[in-house]
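Thanks, everyone. Let me put the structure up, and then we'll go through it.

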There are 2 protein chains.
Amino acid sequence: MSLKKGIIGVDLGATNINSLLMSEDGEVLARDFRPSLGYQGKEKVLSQIFSSIKTLQKEGKKSGVSSFLGIGVGSPGPLSVSKGIIYHSPNIPGWENVPLVDILQKEFNLAVFLENDANAAALGEWWRGAGKGINYLFLLTLGTGIGGGIIIDGNVYHGAWDVGAELGHMVIKEGGMSCGCGARGCLEAYASATGVVKRTISAIKHNHKTIITRLIQNDLNNLTCELVFKAAKQGDELALWIVEETGRYLGIGVGSLINILNPQIVILAGGMIKAGDILLKQVKKYAMLNSLKASREKVEIVPAKLGENSGAIGAVATVLKRKGII
Amino acid sequence: MSLKKGIIGVDLGATNINSLLMSEDGEVLARDFRPSLGYQGKEKVLSQIFSSIKTLQKEGKKSGVSSFLGIGVGSPGPLSVSKGIIYHSPNIPGWENVPLVDILQKEFNLAVFLENDANAAALGEWWRGAGKGINYLFLLTLGTGIGGGIIIDGNVYHGAWDVGAELGHMVIKEGGMSCGCGARGCLEAYASATGVVKRTISAIKHNHKTIITRLIQNDLNNLTCELVFKAAKQGDELALWIVEETGRYLGIGVGSLINILNPQIVILAGGMIKAGDILLKQVKKYAMLNSLKASREKVEIVPAKLGENSGAIGAVATVLKRKGII
């Protein structure tokens, strides 16, 4: 009879819940992936989380897990790590001040820890991914929005009230494009997938020639960031311009953050990194042009290694960190 | 016979050396202020530092100091805190890779600690000034350039290679004004005293009406940031515009840093804060417009309390910190 211990990590997203059961030494024992069904409201989402965790517990028992060390949850903010409360979720009706840690503790009688999703991704990459063994790093999640996570001396940086590391809301262009946060010129406004789509639409409306119009069958509602990257890979001039510009904006943000944080590595995560070298090259170029010699000469800028699992792996790592195991 | 212990703090500037002798509980026992004479080269500056420290030792003995706990030095970077080396100083010919900690240790046979000047100012304000008792803060020194210091959990944040917290070199306007660092659009390029002068000159050259032309006797070489602030206080429209614009740029930078660092307070230090409310009001306004609700609602933005002594007091605090006394 084995005495294997398991840890459950839940990456709670607006669209999907990605959960992993892992061993203390980082082996993935089971995975559960299901829709979060946020549009059906708070209770539905909670029941999806419950089911996901229960599924992993069952799977774990099958593969010899004798006990569970705890549950970690990575969630979009704003939230309080110390209080275990998620304050608000724009995508889940009724999701206000949800004491998720208490709820899960009662349901499963296990230690539960909450972490901001991008912080969790940074910790996941630090534990098992591109940041293994590296004490100072920051990570950007490039998706619908831009999230950030900062690791200082091997620990997640939370700030005074757990709401730090909002790296997407650094202004890179004073008086620039409007951002969802209410400010103007944020990195997120320009360089998120949403920003890419907005800038592309604006260019198409100004009659730039591009194969994108064919790809979207002349309907701008069909435009996605992925399509722009696809067109760029096919050599489309407008798309190439947009992607390079996106890399420049990102590089400017990354360069500023290198000056502020002096990290050893910078990790780029999220759906947009599928663009590959075409984007990464520009990010590197402009990060170097916008950072000081002393900070930039030894820093590395790399894509995340854990793909869509970085958040769930980070949720597992959150449990291990808070228990002082790693 | 008293057994009072003294600590010497040296604030090494490009123009002046400001040194303090303090007691462990923060009482200023003596002060020495003299020119650094950087233009006369490295050896001259070292001899000025030696004289300054020796003067304070003599003064200390007179006022009952029986022993010295150590010497702290705050200096412009780039430098290595851990190695005790100042790599370079643009204002002192021959000042390259100076092992200042070793040099002072040999001369005085005391423990010597080196810190970046803006970091020292932040630590000084944390110990005895506007940041007393506050664990998370950052400070901007607004002068010829813009320096930064970050306090996390009551300690100076250094980053991976001691070169973090270069808060003046955050890009706030992509593609904007050239900065001394080689990048474009840095906060320092716009909102330092140098930036204020540049923007004012540009406006005067475009024939904006202003009393400044009279104040500088029609010679743009006479223009200083102080004069612009003086004209603004007299109600000059151009000067007011420039000062308000400066506050906006600073506020945008401060707002971004609030999102990144989630501090409890933000401290503005350096010569430019003499502008007073006219500047501070704008900084606050734009910092609030450019930061997220969760971070901004409890944050305070305040002027430094220690004036021109924050660096020297921070150099003393550096000794006490590294010795584990505070």
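Start with one residue pair. A:Gly74 sits opposite A:Glu115, and A:Glu115 is in E8(A). This is a predicted model, so read all of it that way.

Now the strands around that pair. Strand E4 of chain A, residues 65-75, pairs with E8(A). The sense is parallel, over 5 bridges. What packs on the sheet here? Helix H3 of chain A, residues 117-128. Helix H3 touches strand E1 (4-12), E4 and E8 of chain A. Its direction makes about 100 degrees with that of E8(A).

Next, the whole sheet. It is open, with 5 strands in chain A. The order is E3-E2-E1-E4-E8, and the pairing is mixed. Which strands stand at the edges? Strand E3 (28-35) and strand E8 (112-116) of chain A. Each has a single partner strand, so one side of each has no neighbour in the sheet. From one strand to the next, the twist averages 20 degrees.

Zoom out to the chain. Chain A holds 11 helices and 13 strands. Its radius of gyration is 20 Å, close to the 20 Å from the globule rule for 326 residues, so chain A is as compact as a globular protein of that length. The C-alpha trace spans about 65 × 45 × 35 Å along its principal axes. Of the 326 residues, 54% count as buried.

Last, the two copies. A turn of 180 degrees and a shift of 0.0 Å along the axis lay chain B on chain A, with an RMSD of 0.0 Å. The copies are thus related as by a two-fold rotation axis. And 100% of the interface residues of chain B are also interface residues in chain A, so the copies meet through the same surface.

How values were computed:
Residues are numbered from 1 along each chain as its sequence is written. Chains are lettered from A and ligands numbered from 1 in the order in which they are written. This is a predicted model: local features need pLDDT of at least 70, side-chain atom pairs count only at pLDDT 80 or more; totals for chains, interfaces and linings use all residues. Helices (H or I, at least four residues) and strands (E, at least two) are DSSP runs, numbered from the N terminus. The radius of gyration is taken over C-alpha atoms; the globule rule is 2.2 Å times the number of residues to the power 0.38. A residue is buried if 20 or more other C-beta atoms lie within 10 Å of its own, exposed if 12 or fewer, and partly exposed in between; C-beta atoms are placed from the backbone. Copies are superposed by least squares on the C-alpha atoms of residues with pLDDT of at least 70 in both. Two residues are in contact if their C-beta atoms, placed from the backbone, lie within 7 Å. Two strands pair if DSSP finds at least two bridges between them. Axes are lines fitted to C-alpha atoms, for helices over the stretch in contact, and angles run from 0 to 180 degrees between N-to-C directions.
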